[in-house]
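Colleague: Hi! I'm new to this one, could you walk me through it?
Modeller: Happy to, let's put it on the screen.

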Amino acid sequence: MTTPKPKEELLGEFNECPVCKGTNFLMNKLVKEAIAEGKTTEDTSPCLLLMSAHAVSQKHIPLIGSLIPTGVAITDTCLDCGVVFSRKILRTESVIMSLPQQPGTARGVQGFM
Ligand SMILES: [Zn+2]
């Protein structure tokens with residue numbers, strides 16, 4: 001059995017702070033410095049916290065190997081005002097590798113990144 005390929009759609013991308021309109025972000029700064037120092041590569045995602053949740057019910061158990069809708073938010077924090085906000089919002093799908101433990105947890109699910 002082949003694993004289905006998950007779809008991925010970028011729903012939103014924000015390049016300025018929603019509060020102060022600043023463009024100075026913690027992880028963006030750290031990743032740029034690490035690339036300049038040769039400690040990481042250009043493909044490193046500047047992400048403070050990756051949040052994801054699956055649209056699946058406890059009453060409707062998906063089949064192992066099937067795809068379930070998944071929402072993802074990639075966040076960073078503004079160095080000018082301290083607010084944590086979403087830099088990217090994606091709609092994707094996750095492959096069920098085992099039965100999910102609880103809605104909204106990533107345990108047993110392989111998907112984005
Ligand atoms: Zn700000």
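Colleague: Let's start in the middle of things. Where does V72 lie?
Modeller: V72 is a residue of strand 3, which covers residues 67-77.

Colleague: And is V72 buried or exposed?
Modeller: V72 is buried: 21 other C-beta atoms lie within 10 Å, and the cut-off for buried is 20 or more.

Colleague: How far is V72 from E93?
Modeller: Their C-alpha atoms are separated by 9.7 Å, while V72 and E93 sit 21 residues apart along the chain.

Colleague: Before I go on, what kind of model is this?
Modeller: This is a predicted model. The mean pLDDT of the protein chain is 86, and 83% of its residues reach 70 or more.

Colleague: Which elements have the lowest and the highest mean pLDDT?
Modeller: Strand 5 (residues 109-110) has the lowest, with a mean of 50, and helix 1 (residues 26-36) has the highest, with 97. Where pLDDT is low, the predicted coordinates should not be read in detail.

Colleague: Good to know. What does the secondary structure come to?
Modeller: The protein chain has one helix and five strands. Starting at the N terminus, the order is β-α-β-β-β-β.

Colleague: Back to strand 3, then. How many bridges join strand 3 to strand 4?
Modeller: There are 11 bridges, and strand 3 and strand 4 run antiparallel. As one pair to look at, T70 stands opposite T92 in strand 4.

Colleague: What do strand 3 and strand 4 form?
Modeller: They form a hairpin, with six residues between the two strands. In the turn you'll find G82, which has a positive phi of about 90°.

Colleague: Which residues is A73 in contact with, leaving aside its neighbours within four places?
Modeller: A73, which is also placed in strand 3, is in contact with M51, S86 and I89. A73 counts as partly exposed, because 18 other C-beta atoms lie within 10 Å. The C-alpha atoms of A73 and L11 are separated by 9.9 Å, although 62 residues lie along the chain from one to the other.

Colleague: Now the start of the chain. Which strand do five bridges join to strand 1?
Modeller: That is strand 4 (residues 84-96), and strand 1 and strand 4 run antiparallel. On strand 1, E8 has T92 as its bridge partner in strand 4, and E9 stands opposite R91 in strand 4.

Colleague: So T92 turns up twice?
Modeller: T92 is the bridge partner of E8, and T70 stands opposite T92 too.

Colleague: Why does strand 1 lie largely in the open?
Modeller: Strand 1 has six residues, 8-13, and the number buried is zero, so strand 1 lies largely in the open.

Colleague: What share of the protein chain counts as buried?
Modeller: Of its 113 residues, 13% count as buried.

Colleague: Let's switch to the helix. Where does V31 lie?
Modeller: V31 is in helix 1. V31 is buried, since 20 other C-beta atoms lie within 10 Å.

Colleague: Which residues is V31 in contact with, beyond its neighbours within four places in sequence?
Modeller: V31 is in contact with T40, T44 and P46. V31 and S45 are 7.7 Å apart in space, C-alpha to C-alpha, and 14 residues apart in sequence.

Colleague: On to the loops. What about the phi of K21?
Modeller: K21 has a positive phi of about 65°, although K21 is not a glycine. K21 is found in the loop between strand 1 and helix 1, and it counts as exposed with 10 C-beta neighbours inside 10 Å.

Colleague: And where is S66 found?
Modeller: S66 is in the loop between strand 2 (49-54) and strand 3. S66 counts as exposed, with 12 C-beta neighbours inside 10 Å. From S66 to P6 the C-alpha distance is 9.7 Å, and these two are 60 residues apart in sequence.

Colleague: One last thing: what share of the contacts with a separation of 6 or more comes from residues 24 or more positions apart?
Modeller: In the protein chain, such residues account for 60% of those contacts.

How values were computed. Residues numbered from 1 in each chain as written. Predicted model: local features only at pLDDT ≥ 70, side-chain atom pairs only at ≥ 80, totals over all residues. Helix = DSSP H or I, 4+ residues; strand = E, 2+ residues; numbered from the N terminus. Pairing = 2+ DSSP bridges. pLDDT = per-residue confidence, 0-100. Contact = placed C-beta atoms within 7 Å.
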